[in-house]
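User: I am new to this structure and would like to go through it slowly, one question at a time. Could we begin with the terms and then turn to the protein itself?

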Amino acid sequence: MFEFGKIEIPKETLDLFDDPNICRICFSEKVNPNNISQISCEHYFCDNCIKTYITTSIVNGKVLKIKCLMGGCPKKYLDEEIKMNVSEE
């Protein structure tokens, strides 16, 4: 158990942060070949998180500035990557 301020975080939860197969956005989906979304920088996340992120970015008018969600990564999603992860609407 780790105490953060007055919040106690169970070890099992902390272990998720070290699991390379867990989505770094939701920390609940195991990323595997059937649900992976990857961009040219090679960071990967679960499909559901990426689709939600890209769709929300487009709705908010940030079409040209959709960057990788990995902290500090400067890569932007390419048009082909965006099209693969959202509906035509």
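Analyst: Accessible areas come from the Shrake-Rupley method with a 1.4 Å probe, and for residues only the protein chains shown count as cover. This is a predicted model, in which local features need pLDDT of at least 70 and side-chain atom pairs count only at pLDDT 80 or more, while totals for chains, interfaces and linings use all residues. Residues are numbered from 1 along each chain as its sequence is written, and side-chain values use heavy atoms, with hydrogens and water left out.

User: How much of the accessible surface of the protein belongs to carbon and sulfur atoms?

Analyst: The accessible surface of the protein comes to about 6600 Å². The part of this surface that belongs to carbon and sulfur atoms is 55%.

User: In what pattern do the helices and strands follow one another along the sequence?

Analyst: Helices (H or I, at least four residues) and strands (E, at least two) are DSSP runs, numbered from the N terminus. The protein has three helices and four strands. Read along the sequence, they give the pattern β-β-α-β-β-α-α.

User: Which residues of α2 are buried, and why can they be said to lie on the same side of α2?

Analyst: A residue is called buried under 20% relative accessible area, exposed over 50%, and partly exposed in between (1.4 Å probe, protein chains only). By that rule the buried residues of α2 are C49, I50, I54 and S57. Because they cover an arc of only 120° around the axis, an arc being that of the directions from the helix axis to the C-beta atoms, they are on the same side of α2. The face turned away from this buried side carries the exposed residues N48 and V59.

User: Which elements do the buried residues of α2 pack against?

Analyst: Contact here means heavy atoms within 4.5 Å. One of the buried residues, S57, has a relative accessible area of 9% and, leaving aside its neighbours within four places in sequence, is in contact with K62, V63 and I66. Taken together, the buried residues of α2 pack against β3 (36-38), β4 (44-46) and α3 (79-85).

User: Which element gives the most to the largest nonpolar core?

Analyst: A nonpolar core is a set of buried Ala, Val, Leu, Ile, Met, Phe, Trp, Tyr and Cys residues joined through side-chain atoms within 4.5 Å. The largest one has 14 residues, and those with the most contacts inside it are C23, I54, C68 and Y77. Both β4 and α2 supply at least two residues each, but the element that gives the most, with three residues, is α2.

User: Why is C73 not bonded to the closest cysteine sulfur, and how many disulfides does the structure hold?

Analyst: A disulfide is counted when a pair of cysteine sulfur atoms lies within 2.5 Å. C73 is buried, at 11% relative accessibility, and its sulfur is 3.7 Å from the closest cysteine sulfur, in C41, which is too far for a bond. The number of disulfides in the structure is zero. C41 too is in no disulfide, its nearest cysteine sulfur being 3.7 Å away, in C68.

User: Is K65 buried or exposed, and how far is K65 from K76 in space?

Analyst: K65 has its place in the loop between α2 and α3. Since its relative accessible area is 63%, K65 is exposed. K65 and K76 are eleven residues apart in sequence, and their distance in space, C-alpha to C-alpha, is 6.7 Å.
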